[in-house]
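Open the model in your viewer and keep the selection panel at hand. The stops below go from one pair of strands to the parts around it and then to the whole chain.

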Amino acid sequence: MILKKYFTTTFKDFPWVDISELMSKEAKGLAGPLKVGQTCILWNCSPKYPAVAVAGLGDATSWDVLDALDDARENVRIAVGAGVKALAAEKITQVEVEDFNGHAEAAAEGALLAAYRFQEYKKPEARKTVATVTLAEGCSGLEKFKRGEIVTRAQNWSRLLMEIPANLMTPTIFAAEAQKKLTPMAVEVVAHDLEWARSLGMESFLSVAKGSDEPPVFLELTYNGAGLGQKPLCLVGKGITFDSGGISIKGANLMDEMRADMGGGIVLWWEQLQPWQNSKRRTSHSGRCSLCYAERFDPRYIVDMATLTGAIRVALGLCVTGAFSTNDELFNHLSAAGSKTGKKETSI
């Protein structure tokens, strides 16, 4: 028999026609309980769904306290992502996701991150199946699912821009994309040019710009969402569309990664999708140059986000963000947000 304690409420109440397939596999030790991220596809077990992916949620308590993550949310992301990938591999284009006992937001995040594919420049016949993901009918947490969907679509758009080759994502195009996406959201977008930088004596910025024949752009985004008299929060992000610095000493096998060096700048675009109560102004292009400019606004805080030196990855690995902070309260807020979203941060 199936041990129902292994399953979510939605699974238990699902209108099954025949689950003998799962029962058979469980009897053979091939299913139930599945480890976190393991999947089993059931075929023709429901009148509405020709295929159902059952994904293992694992044991949320198995995470180490030093991981500093919301264990249950992280396991839901892993499980849902595995299920979506398994169904996409079977060329299934419409996927409905359950709410996983109150974790609809994490379910949306895991599903949409897994469904993403960068294949803009592939021939149609060479493209892989990209599933359309929605919350299953009758499941609770629709508002949470929508929030997860908004955040993840923003993240996937960031991934898209970072993957586009540098000759097709120049500073001018980068600024145009920001204007197209953010202006309708009440964000003031100003793309400062070479002469503007010269008028302010921004020699460090200009020296960085000499690494390319493309004209430089210093992108300034302003969103006003607080009362008068409040100091702004400045978010700074390095938005270099190709990092040619030290190009003579970089290994050729890693050169292609330099197209994604504007990741910090892109991240700041999508902060606009979150409800803020504080006026803020942020700049992007080259980290340290932008930090100097941010001081002009006498901000409460300056938060700089960037694809930092590769030494951070050597020291911390691929799943931890290094943070340099002079304010413990601010760092704790960022760390708490990272715990919820699956982005561990550690103070350097």
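Select Glu96 and Thr134 first: Glu96 stands opposite Thr134, which belongs to β4. The model is a predicted one. Now show the two strands whole. β3 and β4 run parallel and are joined by four bridges.

Stay on β4, residues 132-135, and display its side chains. Which of them are buried? Val133 and Leu135 point to one face and are buried, while Thr132 and Thr134 point to the other face and are not. In a regular strand, side chains alternate between the two faces of the sheet.

Next, move to the loop between β3 (94-97) and α4 (104-115), and pick Asp99 there. Asp99 is buried but forms no salt bridge. Its nearest side chain of opposite charge is that of Lys144, 8.5 Å away; a salt bridge would need a side-chain nitrogen of Lys or Arg within 4 Å of a carboxyl oxygen of Asp or Glu.

What does the side chain of Asp99 reach? One partner is the backbone nitrogen of Asn101, at 3.3 Å. Another is the backbone nitrogen of Gly102, which lies 3.2 Å from a polar atom of the Asp99 side chain. Then select the contacts of Asp99, leaving aside neighbours within four places in sequence: Thr10, Ala104, Leu135, Cys139 and Ser140. Of these, Leu135 is one of the buried residues of β4, and Ala104 is one of the buried residues of α4.

Select α4 itself. Its twelve residues reach 16 Å from the first C-alpha to the last, close to the 16 Å expected at 1.5 Å a residue. Eleven of the twelve are buried, so the helix is mostly covered. The buried set includes Glu105 and Glu109, along with Gly110 and Leu112. To see what covers the helix, add α3, β3, β4 and α5 (142-163): the buried residues of α4 pack against these.

From there go to α3, residues 71-89. This helix has 19 residues and reaches 27 Å from its first C-alpha to its last, close to the 27 Å expected at 1.5 Å a residue. Because 14 of its 19 residues are buried, α3 is largely enclosed by the rest of the structure. Just after α3, check the backbone of Lys91, which takes a positive phi of about 65 degrees.

Finally, zoom out to the whole chain. It holds twelve helices and eleven strands. Buried residues make up 40% of its 348 residues. Among contacts between residues at least 6 apart in sequence, 70% join residues at least 24 apart.

How values were computed. Residues numbered from 1 in each chain as written. Predicted model: local features only at pLDDT ≥ 70, side-chain atom pairs only at ≥ 80, totals over all residues. Heavy atoms only, no water. Expected span 1.5 Å × (residues − 1). Buried < 20%, exposed > 50% of the residue type's maximum accessible area, 1.4 Å probe, protein only. Lys, Arg positive; Asp, Glu negative; His and termini not counted. Polar contact = N/O pair within 3.5 Å; in protein donor to acceptor, adjacent residues only side chain to side chain. Contact = heavy atoms within 4.5 Å. Pairing = 2+ DSSP bridges.
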